[in-house]
Every structure is written in C-alpha cells, then in structure tokens.
Amino acid sequence: QVQLAESGGGLVQAGGSLRLSCAASGRYAMGWFRQAPGKEREFVAAISQKGSSTLYAHSVKGRFTISKDNAKNTEYLQMNSLKPEDTAVYYCAARRGPATAQSNENYDYWGQGTQVTVSS
C-alpha cells in the first residue's frame, strides 16, 4: 500500500511563501492538486519520476516550483507570491507511470490533504 504524507500547510498573508512536502513510500511521478470550497479539485503541478520534467497550471506558473528528492522519496511545492485565491486544501498524488500528468484520473494514490489559507 502506497502511503503519502503531506506537511507544510498553514496560514500566510498575501505575498508570502509556504513550502509543502509529501513523503512517499516509493519512487513515483508525483503531482499536486488543490480544492477550494465549492469548487472542483484542480491540477497545480506535476513532476516526472526522475524529476527531470515538470508541468504547471497557468495560474501558478512563475510563482510555484515543484521539485523532488529521490533519495528521500519526497516531493516539494514551493509557493511564493501567494494570493487569496490560492486558498485551498492541497493534495499530494502519485502515479505508477514515469511521466508527468495533469488529469487527476492519471493518479493512483492520494494524500489526505493539507490546508493552505492566504489572507488578504
């Protein structure tokens, strides 16, 4: 059973930064999704199994950076210049295939989620 453990969420003022972490029980292509109240879960960023390829949603490109440490089987999401509209529960996800993927249907395992709240 694959386990994903997220950490790093919290409350921050607009313009601030947070870093999310997700520790996996193996090496996978991974991604981050988020879900705001009353909205559908949406793609944020993805990284390939080797960490050589990344993909971002247009809304976060240039502000968020996804990375992974394969020695620790951990992925990170560095979030800078945060906006109130970034407020959501952020989910870590992993997939068995090696490439990046944008659709949540391509992910096989999900974390429990961590709350990120950006105040204006």
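Let me begin with the contacts in the protein chain: among those between residues at least 6 apart in sequence, 57% join residues at least 24 apart. I should say straight away that what we are looking at is a predicted model, and I will keep to what can be computed from it.

As for secondary structure, the protein chain has zero helices and eleven strands, so that, read from the N terminus on, its elements run β-β-β-β-β-β-β-β-β-β-β.

Turning to the overall dimensions, the C-alpha atoms fill a box of roughly 40 × 25 × 25 Å along the principal axes. The radius of gyration is 13 Å, which agrees with the value near 14 Å that a compact globule of 120 residues would have. Of those 120 residues, 43% are buried, and the accessible surface comes to about 6,200 Å², with 43% of that surface belonging to carbon and sulfur atoms.

Now to the aromatic residues, where the count comes to five pairs. One of them joins Phe 33 and Tyr 107, which meet edge-to-face, with 5.2 Å from centre to centre and 80° between the planes. Phe 33 lies in strand S4, whereas Tyr 107 sits in the loop between strand S9 and strand S10, so this pair ties together parts that are 74 residues apart in sequence. Phe 33 is buried, at a relative accessible area of 1%, and Tyr 107 is buried as well, at 6%. Together with Phe 43 and Trp 110, Phe 33 and Tyr 107 form one aromatic cluster.

Finally, on charge, the protein chain carries 13 positive and 9 negative charges, and the mean positions of the two sets are 7 Å apart.

Terms used
Residues are numbered from 1 along each chain as its sequence is written. This is a predicted model: local features need pLDDT of at least 70, side-chain atom pairs count only at pLDDT 80 or more; totals for chains, interfaces and linings use all residues. Side-chain values use heavy atoms; hydrogens and water are left out. Helices (H or I, at least four residues) and strands (E, at least two) are DSSP runs, numbered from the N terminus. The radius of gyration is taken over C-alpha atoms; the globule rule is 2.2 Å times the number of residues to the power 0.38. Buried means under 20% relative accessible area, exposed over 50%, partly exposed in between (1.4 Å probe, protein chains only). Contact means heavy atoms within 4.5 Å. Accessible areas come from the Shrake-Rupley method with a 1.4 Å probe; for residues, only the protein chains shown count as cover. Lys and Arg count as positive and Asp and Glu as negative; His and the chain ends are not counted. The place of a charge is taken as NZ of Lys, CZ of Arg, CG of Asp or CD of Glu. Rings of Phe, Tyr and Trp (its six-membered ring) pair if their centres lie within 6.5 Å; planes under 30 degrees apart count as stacked, over 60 as edge-to-face and the rest as tilted.
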